[in-house]
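Hi,

Here is the structure I promised to pass on to you. Have a look at it first, and then read my notes underneath.

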Amino acid sequence: QVQLVESGGGLVQAGESLRLSCAASGSGFSINAMAWYRQAPGKQRESVAVITSGGSANYADSVKGRFTISRDNAANTVHLQMNSLKPEDTAIYYCRANYLYSAFHASYAWGQGTLVTVSS
């Protein structure tokens, strides 16, 4: 199985930046897409950014131009650089990894989440 551990959350003021990181550990797997999701109080979890193993990225409209997702395949890590943060970005941010653990078996894992709070 794959375990994911996020780091980098915190409290910032509007307009500031944060960088989230997520590290995958385990054995016998090959990670495909990695992604960041977020869940604000009282709202459903939503996709923020996704990056393929080849480095192609897609973003939610609400974060385009402000957030950048990147990954290090050798280290099995994914990062989310968040600039020009807004109060509406306040949420728990979760890392997700889709992976193969055999030629015919795929699964996914979630991290425990890291809280990002943006004050106005």
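Reading along the sequence, you meet the pattern β-β-β-β-β-β-β-β-β-β-β. That comes to 11 strands and zero helices. Both are DSSP runs numbered from the N terminus: H or I with at least four residues for a helix, E with at least two for a strand.

Before you go further, this is a predicted model, so to speak of a local feature we need pLDDT of at least 70, and side-chain atom pairs count only at pLDDT 80 or more, while totals for chains, interfaces and linings use all residues. Residues are numbered from 1 along each chain as its sequence is written, and side-chain values use heavy atoms, with hydrogens and water left out.

**The overall picture**

The C-alpha atoms fill a box of roughly 50 × 25 × 25 Å along the principal axes. The radius of gyration is 14 Å, close to the 14 Å from the globule rule for 120 residues, so the protein is as compact as a globular protein of that length. (That radius is taken over C-alpha atoms, and the rule is 2.2 Å times the number of residues to the power 0.38.)

Of the 120 residues, 38% count as buried. Buried means under 20% relative accessible area, exposed means over 50%, and partly exposed is in between, with a 1.4 Å probe and protein chains only. The protein exposes about 6400 Å², and carbon and sulfur atoms supply 49% of that. These areas come from the Shrake-Rupley method with a 1.4 Å probe; for residues, only the protein chains shown count as cover.

Contacts tell you about the fold too: taking those between residues at least 6 apart in sequence, 54% join residues at least 24 apart. A contact here means heavy atoms within 4.5 Å.

**The core**

Which residues have the most contacts inside the largest nonpolar core? They are Trp36, Leu80, Met82 and Tyr93, in a core of 31 residues. (A nonpolar core is a set of buried Ala, Val, Leu, Ile, Met, Phe, Trp, Tyr and Cys residues joined through side-chain atoms within 4.5 Å.) Several strands each supply at least two residues of this core, including strand 1 (2-7), strand 4 (30-39), strand 8 (77-82) and strand 9 (91-100). Strand 9 gives the most, with five residues.

**The rings**

There are four aromatic pairs in the structure. Rings of Phe, Tyr and Trp (its six-membered ring) pair if their centres lie within 6.5 Å; planes under 30 degrees apart are stacked, over 60 edge-to-face, and the rest tilted.

Phe29 and Tyr99 make an edge-to-face pair, 6.2 Å centre to centre with 70 degrees between the planes. Phe29 sits in the loop between strand 3 and strand 4 and Tyr99 in strand 9, so their pair ties together parts that are 70 residues apart in sequence. Both rings belong to buried residues: Phe29 has a relative accessible area of 18%, and Tyr99 has 6%.

Then look at Tyr94 and Trp110: their ring centres are 6.4 Å apart and their planes are at 85 degrees, so this pair is edge-to-face. Tyr94 is in strand 9 and Trp110 in strand 10 (residues 106-110), so the pair ties together parts 16 residues apart in sequence. Tyr94 is buried at 12% relative accessible area, whereas Trp110 is partly exposed at 31%.

Now find Arg45. It lies over the face of Tyr94, 3.7 Å from the ring centre, and over the face of Trp110, at 4.5 Å from the ring centre. To count, NZ of Lys or CZ of Arg has to be within 6 Å of the ring centre and within 35 degrees of the ring normal.

One more thing about the rings: ring pairs link Phe29, Tyr99 and Tyr101 into a cluster.

**Loops and the tail end**

Where does Asn76 lie? Asn76 is in the loop between strand 7 and strand 8, and its phi is near 55 degrees, a positive value in a residue other than glycine. Ser84, in the loop between strand 8 and strand 9, also has a positive phi, near 50 degrees.

Finally, Ser120 lies in the segment after strand 11 and is exposed, with a relative accessible area of 87%. Leaving aside neighbours within four places in sequence, Ser120 is in contact with Ala14 and Pro87. Ser120 and Val12 are 108 residues apart in sequence, and 9.1 Å apart in space from C-alpha to C-alpha.

Cheers
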